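Reader: Hi! I'm in my first year and still learning how to read structures. Could you take one small part of this one, look at it closely, and then show me how the rest fits around it?

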Amino acid sequence: MQVDLRILRFDPERDAAPHWESYRVEADPMDRVLNLLTVVKAEQDGTLTFRRSCAHGVCGSDAMLINGRNRLACKIRVDQLGRKIAVAPLTGLPVVKDLVVDMDGFFAKYRSVMPFLIADTPAPERERLQSQADRARYDDTTKCILCAACTTACPSFWAQPGYVGPAAIVNAHRFIFDTRDDAGDERLEILADKDGVWRCRTIFNCVDACPRGINITRAILEVSRAVVERSV
Amino acid sequence: MRIDHDALVIGAGGAGLWAALELARAGVSTGVLTKLYPTRSHTGAAQGGVCAALGNQEEDHWEWHMFDTVKGGDYLVDQDAAEVLAREAVETVIELEHMGLPFNRTPDGKIDQRRFGGHTRNFGEGPVKRSCFAADRTGHMILQTLYQNCIKAGVRFYDEYHVVDLIFEGGDGGDGGRAAGVIAYRIGDGELHTFGAKAVLLATGGNGRMFAITSNAHSLTGDGMALVYRHGIPLEDMEFYQFHPTGLYGLGILLSEAARGEGGTLLNGDGERFMSRYAPKLMELAPRDMVSRAIYLEIRDGRGAGPKKDYVYLDVRHLGRAVIEEKLPDITDFARVYLGVEPLKEPVPIVPTAHYAMGGIPTDLRAQVVRDEANTVVPGLFAAGEAACVSVHGANRLGTNSLVDLLVFGRRAGREMAAYCRSAEAPSIPAGVEEPVRSELEALRTRPEGESPAVLKAELATLMMDNVGVFRTAAMMAAAVAGVAALKERYARVRVSDTGRVFNTDLLEARELGYLLEGAEAMATSAQARKESRGAHSRDDYPERDDVNFLAHTLAYRGEAGPSLRYKPVTITRFEPKPRTY
C-alpha cells in the first residue's frame with residue numbers, strides 16, 4: 001500500500017523554523033513507522049535524522065509524536081495508523097534536528113529523584129529476601145525504558161517545564177515501594193516539592209503514551225498518597 | 001578539544017557499566033563514552049536470565065555450570081576462563097541483587113531460577129534450574145540497575161560520543177604500543193574530541209548487523225573489534241557466530257529461550273516435536289547451535305510450516321495464561337505486535353536469527369587485550385562483554401552466559417584497570433593525533449559523488465546471511481570472502497548525502513558500515529580456513545569435529561591483501577574433549 005508520510009523537518013544549519021515535508025512510501029500494513037523512516041532515509045533523503053537502536057520496543061530511542069500521539073516508531077504499525085501518517089518530534093524538549101530532541105533535561109529530572117536502591121543495613125552474604133507479594137508491589141514501574149513518551153505527552157509538563165514529570169515519578173515509585181529500600185522519605189520529600197507530584201492533573205495522557213503499558217497515573221497517585229501519609 | 005581521565009570505558013552496556021562502577025568505587029577518574037544513551041544499550045534486550053549455581057530451587061554446583069559451558073562450546077572454551085565464569089557468576093548475581101535488581105522470587109523469598117538450554121545437573125544428566133531472572137526482561141533490569149548504581153557513584157558519562165579511533169603510544173597496538181586514549185566524534189555537533197587515559201576498556205558489543213535477519217540493535221556494528229583490528233591486533237574465533245533458534249519469522253526479533261525453559265515446545269509443519277530426532281534427552285533445551293541446525297534441516301527436508309514451508313513453530317499454548325503473563329510477558333507482546341499472532345491461542349512462526357559473536361577481541365583472564373598466540377598483553381587496553389573473546393563461549397555460547405560473561409569480566413576489567421591506573425604513568429599524546437581520522441571523516445562527508453552506503457550495507461547483510469549462516473560450504477565461504485573484498489573496495493568510494501555537522505547519522509552509519517566490513521572479512525576468512533564442524537561452525541564438506549588439527553583458536557590479523565591467520569592453543573584443565581551429545 002502507498003502511505004503519505006509527512007515529517008516535521010528541522011535542520012539548524014539550514015532552516016529558520018521547522019517545516020513539514022511529504023514523502024510517498026510503499027509499505028506493508030505490518031510495517032512499523034521506523035521501517036518507513038528507514039526507507040525514506042535510504043532511498044529518498046539521507047539527511048532525514050532520527051534516533052533508533054533495538055527496533056523492537058525495548059531500548060526507548062525512537063519515541064516521537066505520530067498522528068498526534070506519542071509512540072515508539074518501532075512499535076506502531078502502519079495498519080494501526082492508516083494511509084496518512086504524520087511524524088513530529090516529542091513536544092516540550094528542544095529539537096536538535098528533525099526528530100531528534102535534546103534528552104539531557106529529561107535525564108536530569110530522572111536523576112533528581114535518586115533512582116537507585118539505598119539500603120541502610122549491611123548487605124548479607126546471600127540475597128536479601130523479598131516475598132513474591134512485595135516484589136509484585138513495584139513490578140509495573142520496573143518496566144520503564146526512559147523513552148520520555150509519557151513526560152512529553154503531559155500538558156502539565158508543557159505548561160510547567162520545571163515539573164519533574166511522569167517518568168521520574170515512575171522511577172521514584174519503583175524504589176519507594178521496594179521493601180529493600182530505606183530512602184523512601186527522602187524521595188517523597190523531593191516529590192512533595194511544588195514541581196513534584198502535585199503538578200499531575202490526572203489527564204491520563206501518560207498512560208496512553210507509555211509503550212510498556214505502565215499504569216503511570218496509578219503510580220503517581222500511589223506516590224501522592226504516600227506523600228500525604230508521610231506529612232500527617 | 002582535549003579531555004583527560006585515568007580510565008576510559010567505551011560502551012555503556014552491562015560490561016562497561018560494571019567496569020565503570022568498579023573504577024568509580026576505587027576513586028579512579030573515569031569517563032564512559034557511548035554512542036547512545038546508556039539505557040539504550042543492547043544488554044537491555046536480553047530476556048531470559050543469568051545463570052549462576054545458586055541452588056535456590058534444586059541442587060547445583062559451579063563445577064556443573066563450568067562443565068556445561070565447556071561442553072556447550074564444543075570444547076573450544078578456555079577452561080580456566082570457564083572456571084572463573086562459573087565461580088564468579090554466583091557472587092556477581094548476589095551483588096546485583098544487593099544493588100537492587102528486582103529478580104523474580106521463590107515462595108520463600110529467594111531469587112527464582114528456571115531451566116535454560118544446555119544447563120544441566122551432574123555433568124549432563126538432565127536440565128537444571130540455574131537461570132536467575134526478572135520476568136523476561138532480565139537484561140533490561142541488569143542495564144537499569146547498573147546505570148542506577150553508576151549515577152549513585154557519580155560516574156561521568158559522555159552520552160552520544162561516537163569513538164572513531166584508538167590512540168597508542170610507543171608503537172601501534174599490534175606492535176608493542178600501549179593504549180593512550182581514544183578519539184571521539186560528538187554526535188550533537190560533529191566536533192572531534194581527544195580523550196587521553198592510562199587505561200581504555202572496549203565494551204562495544206557485537207556486530208550482528210552484518211546479517212540480514214538478526215536480533216541485534218542497529219547500533220551493533222562491531223566498532224571496538226574493527227578498531228583494534230585496524231591497529232594490528234587480531235580478532236579471535238570470528239567464524240563462531242551464534243544463530244538463535246527462535247527469531248520471529250521474517251523479522252529476527254528474539255523470542256527468549258526462556259519460553260522453552262518454561263516448557264514451550266518446537267513443532268514442524270506436521271505438528272511434530274522434531275527435536276526428539278536430534279537431542280532425545282534435552283529436546284528443546286539442547287544448545288542453540290544444535291536447535292538451529294535442527295530447524296534448518298526440518299525446513300530443508302520439506303517439513304517446514306506455512307505457505308512456503310520456510311519456518312517452524314514455537315508453541316507455548318499449554319503453559320497457560322498465568323505462566324505466560326507472569327514469566328513471559330514481553331515476548332508474547334512481541335508476537336502480538338510484530339506478527340499479529342496471539343501466543344495464548346496459536347503457535348508462533350519462528351526461524352533462526354543472527355544473535356551473538358562468540359569471537360572478538362582476544363583477552364586474558366584479567367580482561368587485558370592480548371595480541372598473539374603467546375598472549376602478549378597490549379598494555380592499558382582492556383576488553384569485556386560480547387566485544388571480547390576470553391574465551392568462555394568457545395564454538396557455541398549457552399543461553400544466559402552472555403550476561404554472565406559481561407558481569408564477571410566487566411567487573412574484573414574495572415578492578416584490573418583500577419589497579420593498573422595506580423601504577424601506570426599518564427601517556428603523552430602528541431598534538432594533532434586526531435588529524436588522520438578527521439581527514440577520513442571529512443573525505444566521507446564531502447565526497448561529491450559515489451555509491452550509497454545503504455545499498456552496500458544491504459548487499460553485505462544478504463551476502464553474509466546466505467553464505468556464512470547456520471550451514472556453510474566451501475563454495476559459500478569462498479563467495480563470502482570474495483564478496484566482502486569487493487564490497488570493501490566499493491566502500492572506499494561511498495558518498496553520504498548529509499553534509500551537515502549537527503547530528504549527522506548519515507555520516508556515522510557510513511562509518512559503521514566500514515566496521516561491519518572489517519568484522520565480516522575476519523569472519524568469512526576464518527570460517528573458510530576452519531576445515532571441520534564444531535559448535536556454530538557447521539560445514540557439509542567437513543561434517544566432523546577435528547581435534548587433531550583444529551582444537552585451536554583462530555587469530556585473524558588484518559592485512560592489505562586480506563587477513564592472515566594464526567592459531568592459539570585451547571586451555572584444557574578439567575574436562576578432556578569428548579563427543580558432544582545431548
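Author: Let's begin with Lys75(A), which sits in the loop between β4 and β5 (84-88) of chain A. Keep in mind that we are looking at a predicted model. Is Lys75(A) buried or exposed? Count the C-beta neighbours inside 10 Å and you get 23, and because 20 or more is enough, Lys75(A) counts as buried.

Who are the neighbours of Lys75(A)? Leaving aside residues within four places in sequence, Lys75(A) is in contact with Arg32(A), Gly57(A), Pro211(A) and Val337(B). Look at the letters in brackets: Val337(B) belongs to chain B, while Arg32(A), Gly57(A) and Pro211(A) belong to chain A. For a sense of scale, try Val113(A) as well: Lys75(A) and Val113(A) are 38 residues apart in sequence, and their C-alpha atoms are 29 Å apart in space.

Now let's step back to the chain that holds this loop. Chain A has 8 helices and 7 strands, and its C-alpha trace spans about 60 × 35 × 30 Å along the principal axes. Of its 232 residues, 49% are buried. Sequence distance is worth a thought here too: among contacts in chain A between residues at least 6 apart in sequence, 66% join residues at least 24 apart.

The domain assignment splits chain A into domain 1 (2-101) and domain 2 (104-231). Their centres, taken over C-alpha atoms, are separated by 29 Å. Where the two domains of chain A meet, 14 residues come from domain 1 and 15 residues from domain 2. Which element gives the most to the domain 1 side? Strand β4 (residues 69-72) of chain A does, with 4 residues. That is a strand you have met already, since the loop of Lys75(A) lies between β4 and β5. By class, the domain 1 side of this contact has 6 nonpolar, 5 polar and 3 charged residues.

The contact with Val337(B) leads us across to the partner chain. In total, 39 residues of chain A are in contact with 44 residues of chain B. On the chain A side, β6 (95-97) and α3 (132-137) each supply at least two residues. The chain A side divides into 17 nonpolar, 11 polar and 11 charged residues. As for the predictor's own scores, the complex has an ipTM of 0.98 and a pTM of 0.97, and chain B has a mean pLDDT of 97, with 100% of its residues at 70 or more.

Once in chain B, a good place to pause is helix α1 (residues 14-25). Here is a little check you can do yourself: at 1.5 Å a residue, its 12 residues should span 16 Å, and the end C-alpha atoms are 17 Å apart, which agrees. How much of α1(B) is covered? Mostly all of that helix is tucked in, with 11 of its 12 residues buried; among them are Trp18(B), Ala19(B) and Glu22(B). The cover includes β2 (7-10), β3 (30-34), α4 (138-153), β11 (199-202) and α10 (401-423) of chain B. Just after α1(B), Gly27(B) takes a positive phi of about 75°.

From that helix it is a short step to the largest nonpolar core, which has 265 residues. Val200(B), Leu201(B) and Ala384(B) touch the most other members, and helix α14 (residues 505-529) of chain B gives the most to this core, with 12 residues. Beyond four places in sequence, Leu201(B) touches residues including Gly16(B), Ala19(B), Phe382(B) and Met417(B). Gly16(B) and Ala19(B) are also among the buried residues of α1(B).

Helix α14 brings us to one last residue, Arg545(B), in the loop between α14 and α15 (547-550) of chain B. Like our starting point, Arg545(B) is a charged residue in a loop, and with 20 other C-beta atoms within 10 Å, Arg545(B) is buried. Not counting residues up to four places away, Arg545(B) touches Asp74(B), Glu532(B), Ser533(B) and Arg534(B).

Key. Residues are numbered from 1 along each chain as its sequence is written. Chains are lettered from A and ligands numbered from 1 in the order in which they are written. This is a predicted model: local features need pLDDT of at least 70, side-chain atom pairs count only at pLDDT 80 or more; totals for chains, interfaces and linings use all residues. A nonpolar core is a set of buried Ala, Val, Leu, Ile, Met, Phe, Trp, Tyr and Cys residues joined through C-beta atoms within 7 Å. Two residues are in contact if their C-beta atoms, placed from the backbone, lie within 7 Å. pLDDT is the predictor's confidence in each residue, from 0 to 100. The expected span of a helix is 1.5 Å times one less than its number of residues. Domain bounds come from an automatic or database domain assignment.
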